[in-house]
Amino acid sequence: PLVLGIETSCDETGIGIVRGRTLLSNTIASSMDEHARYGGVVPEIAARAHLEALQPAIEAALREAGVQLDDLDAIAVTSGPGLAGALMVGIGAAKALAVSLDKPLYAVNHLVGHIAADILDASAPPLELPTVALLVSGGHTSLLLVRDLTTDVELLGETVDDAAGEAFDKVARLLGLPYPGGPEIDRAAASGDAHAIRFPRGLSRASDLDKHRYDFSFSGLKTAVARWTEQYDGELPVADVAASFREAVVDVLVTKALAACADHGVPRLLLGGGVIANRRLRDVALARAAEAGVTVRIPPLSLCTDNGAMIAGLAAELIRSGRKPSTLEFGADSTLPVTEIQVAESVAV
Ligand code: ATP
Ligand code: MG
Ligand code: FE
């Protein structure tokens, strides 16, 4: 099926068009520049930016894909999780399109969309299931067990406080680096010693592991960095702090992801989310997975960060497996659980 997907859960206005598992276009407009001066995504600004960006992004995606609105078989949209106001803008546009064009509408889960992104990577062999998936972004840090993309995604664990990307952003601020902090920390860390300072690995003590084996915590790490920098006398060794902080995040992400693979006897790990841009995370994941006999899949970055193609791709899979469209009675669900892969599926008649 030819599907247009709309993604507006955070600061990216993403419009993607797929034909089945073939990616035709993936247009992304980000309002990140507008949030930069506030040091974080401002929900009202994100929502307004989506409103302005949607129409041109839809036109650009159609042009790039070489298709017309009438050609579409279905519209797909992110229903949650994400920022409620931002989600609502995409949902309003999707409903308007579906009604005016008389096309079926699929309301889908953003996190499962991140997994679906992987099947659009034409350069990779077909996705094998089950797989463990680690999704790390500015808003999420989740470890999932995916048995079936359209029916069976289990949440193994997630962050109990800050998301990994958020931790990068907050620590960058502590170090006087601009927002978004991920790329800045990465750059600063390049000349630093990752073992200069031993920062804590959240929820990794033996006593944490029975209840929080697959959960993450980054706020203690952030506090540890703050305390260390406050107490330091002299010119701050920014490169060493950045490298040591990054190592703590990467270590705990990879350790827990590989533990999930081992515990479930699943020798496959899929990575997704904007933090995957981190070179060190990719390198450590690849090296330690190889030692453990685990295959790692990393889609291209344009499919890892928030985008509309993954939403269209997930809807195409739902259609393929015979699912009915969503009714129009759904809204934004900022805390939509990962088990709700599709929202408001119509009842078969
Ligand atoms: P969501 O949480 O809804 O998926 P988001 O917009 O918060 O969306 P992304 O756009 O996927 O997340 O990723 C942005 C986050 O990734 C920011 O927190 C940013 O600091 C972080 N990031 C980007 N590049 C890097 C990097 N090289 N290293 C570490 N973190 C990075
Ligand atoms: Mg973003
Ligand atoms: Fe996302």
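**Notebook: C10, the sheet and the ligand 1 site**

**Entry 1. C10**

I began with C10, which sits in the loop between strand 1 (2-7) and strand 2 (12-19). The model I am reading is a predicted one. I next asked whether C10 is buried or exposed. I recorded C10 as buried, because 29 C-beta neighbours lie inside 10 Å and 20 or more suffice for that class. I then looked up the contacts of C10, setting aside neighbours within four places in sequence. The list comprises V41, A46, G82, L83, A86, G138, G139 and D306. For A46, which is 36 residues from C10 along the chain, I noted a C-alpha separation of 6.8 Å.

**Entry 2. The strands on either side of C10**

I followed strand 1 and strand 2 outward from the loop. The two run antiparallel and are joined by six bridges. Within this pair, I found L2 opposite R19 of strand 2. I then asked in what order the strands of the open sheet are arranged. Six strands form the sheet, in the order 3-2-1-4-5-11, and the pairing is mixed. Strand 3 (22-30) and strand 11 (342-343) are at the edges; each has a single partner strand, so one side of each is left without a neighbour in the sheet.

**Entry 3. The surroundings of ligand 1**

I turned to ligand 1 and counted 24 residues around it, of which G138, G139, G165, G182 and G274 are the closest. The elements that contribute two or more residues to this shell are helix 5 (164-174) and helix 6 (181-189). I sorted the shell by class and obtained 13 polar, six nonpolar and five charged residues.

I compared this with the record. UniProt, in an unreviewed entry, lists L135, V136, S137, G138, G139, D169, G182, D186 and N278 under "binding site". G138, G139 and G182 appear in that list and are also among the closest residues to ligand 1.

**Entry 4. G138 and D169**

I examined two of the listed positions, G138 and D169. G138 is in the loop between strand 6 (131-136) and strand 7 (141-148). I entered G138 as buried, because it has 26 C-beta neighbours inside 10 Å. Beyond four places in sequence, G138 is in contact with C10, A163, G165, E166, D169 and G274. This list leads back to C10, the residue of my first entry.

Where does D169 lie? I located D169 in helix 5. D169 also counts as buried, because 24 other C-beta atoms are within 10 Å. Leaving out residues up to four places away, I found that D169 touches G40, G138, Y179, P180 and G181.

**Entry 5. The whole chain**

I closed with the chain as a whole. I counted 12 helices and 11 strands. The C-alpha trace spans about 65 × 45 × 35 Å along its principal axes. The radius of gyration is 20 Å, which agrees with the value near 20 Å that a compact globule of 349 residues would have. Of the 349 residues, 52% count as buried. Among contacts between residues at least 6 apart in sequence, I noted that 75% join residues at least 24 apart.

Which residues does the UniProt annotation "domain: Gcp-like" cover? In the unreviewed entry, the annotation covers residues 23-312. Over that range I recorded 49% helix and 17% strand, with the end C-alpha atoms 9 Å apart.

Definitions and conventions:
Residues numbered from 1 in each chain as written. Chains lettered and ligands numbered in written order. Predicted model: local features only at pLDDT ≥ 70, side-chain atom pairs only at ≥ 80, totals over all residues. Helix = DSSP H or I, 4+ residues; strand = E, 2+ residues; numbered from the N terminus. Rg over C-alpha atoms; globule rule 2.2 N^0.38 Å. Buried ≥ 20, exposed ≤ 12 C-beta atoms within 10 Å, placed from the backbone. Contact = placed C-beta atoms within 7 Å. UniProt positions renumbered as here; feature names shortened; annotations may be inferred. Near = placed C-beta within 6 Å. Nonpolar A, V, L, I, M, F, W, Y, C, P; charged D, E, K, R; others polar. Pairing = 2+ DSSP bridges.
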